[in-house]
Amino acid sequence: MRRFALCCCAALLAGCAKSEKRTTDDQAAMDTAAAAPATPAVSPAISLADVAGKWKIRTTDEAGGTPVETELTATADTSGWTLAAPNRKPLPVRVIAVAGDSIVSESGPYESFILKGTQVTTRAVYRLQGGKLVGTTEARYALKGHDSVAHRPTEGTRMQ
């Protein structure tokens, strides 16, 4: 998060810096860009009904390793969402936000699929793109003496 804030500040400073010399071509290009109406890219709004059904969810570490495959059952409202893994009871999933193009959910704490005996709480942000759920899952592991956080790319394909 700090790295993101630093990059934003650097970009802002670079954009605000005055150039010593500007050619007439540069000025003409800037005038043309300023005159063109800005059309922001609008992502379609998502609803819980859009994702209702069963999804095969696959998360990996940031390098693409340590895959975890689960089954997400999503409903058209915030109740009844579950996450199931082989040889495990289904875990309840709390939908905590639906806004714009994103759904944010949270699960846990529960025993990690990766670190046996370690409790984890996950927060996933899903977007519907090309018929798939894509996003990131943040996993917070409760380790002795400290916590550890992993950001795991997430992709889901519809099963039903």
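**Start at the cavity**

Thirteen nonpolar, seven polar and three charged residues make up the lining of the largest cavity. Here Ala, Val, Leu, Ile, Met, Phe, Trp, Tyr, Cys and Pro count as nonpolar, Asp, Glu, Lys and Arg as charged, and the others, Gly among them, as polar. A cavity is a set of points on a 1 Å grid over the protein atoms alone where a 1.4 Å probe fits but cannot get out, and a lining residue has an atom within 4 Å of a point.

Before you click on, two notes. You're looking at a predicted model, where local features need pLDDT of at least 70 and side-chain atom pairs count only at pLDDT 80 or more, while totals for chains, interfaces and linings use all residues. Residues are numbered from 1 along each chain as its sequence is written, and side-chain values use heavy atoms, with hydrogens and water left out.

How many cavities of 30 Å³ or more are there? The count is one. The largest cavity has a volume of about 280 Å³, where volume is the space filled by probe spheres set on the grid points, joined across faces, edges and corners. Now select Thr59, Leu83, Tyr110, Thr122 and Thr137: of the 23 lining residues, these are the closest to the centre of the largest cavity.

Next, color by strand. Helices (H or I, at least four residues) and strands (E, at least two) are DSSP runs, numbered from the N terminus. E1 (53-59), E2 (68-74), E6 (102-111), E7 (119-129) and E8 (132-143) each supply at least two residues of the largest cavity's lining. E7 gives the most, with five residues.

**Zoom out to the whole chain**

Switch to cartoon view and you'll find three helices and nine strands. Follow the sequence and the pattern reads α-α-α-β-β-β-β-β-β-β-β-β. Of the 160 residues in the chain, 26% are buried; buried means under 20% relative accessible area, exposed over 50%, and partly exposed in between (1.4 Å probe, protein chains only).

Now color by pLDDT, the predictor's confidence in each residue, from 0 to 100. The chain averages 82, and 72% of the residues score at least 70. Among the elements, helix H1 (residues 2-16) has the lowest mean pLDDT, 46, and E1 the highest, 97. Select residues 4-14: pLDDT stays under 50 there, and the model has zero contacts for them beyond four places in sequence. Contact means heavy atoms within 4.5 Å. Residues 18-22 also stay under 50, with two such contacts.

**Walk across the sheet**

Select the strands and go from one side to the other: E4-E3-E2-E1-E9-E8-E7-E6-E5 is an open sheet of nine strands with antiparallel pairing. E4 (91-92) and E5 (94-99) are the edge strands, each pairing on one side only. Two strands pair if DSSP finds at least two bridges between them.

Stop at E5 and E6, which pair in the antiparallel sense over five bridges. Arginine 94 has glutamate 106 in E6 as its bridge partner, and valine 95 stands opposite serine 105 in E6. In a regular strand the side chains alternate between the two faces of the sheet. E5 and E6 form a hairpin with two residues between them, and glycine 100 in the turn has a positive phi of about 60°.

Stay in E6 and pick proline 109. What kind of peptide bond joins glycine 108 and proline 109? The bond is cis, with omega about 5°.

**Two loop stops**

Select threonine 66, in the loop between E1 and E2. Threonine 66 is a residue other than glycine, yet its phi is positive, near 45°. Threonine 66 is partly exposed, at 38% relative accessible area.

Then try asparagine 87, in the loop between E3 (82-84) and E4. Asparagine 87 isn't a glycine either, and its phi is positive, about 60°. Buried or exposed, where does asparagine 87 fall? At 85% relative accessibility, asparagine 87 counts as exposed.

**Last stop: lysine 56**

Finish in strand E1, at lysine 56, which is partly exposed at 40% relative accessibility. Draw a line to leucine 72: the two are 16 residues apart in sequence and 6.4 Å apart in space, C-alpha to C-alpha. Setting aside neighbours within four places in sequence, lysine 56 is in contact with Glu69, Thr70, Glu155, Gly156, Thr157 and Met159. For the chain as a whole, 37% of contacts between residues at least 6 apart in sequence join residues at least 24 apart.

Terms used. On a 1 Å grid over the protein atoms alone, a cavity is a set of points where a 1.4 Å probe fits but cannot get out, and a pocket is an open set with protein on both sides within 12 Å along at least five of seven lines; lining residues have an atom within 4 Å of a point.
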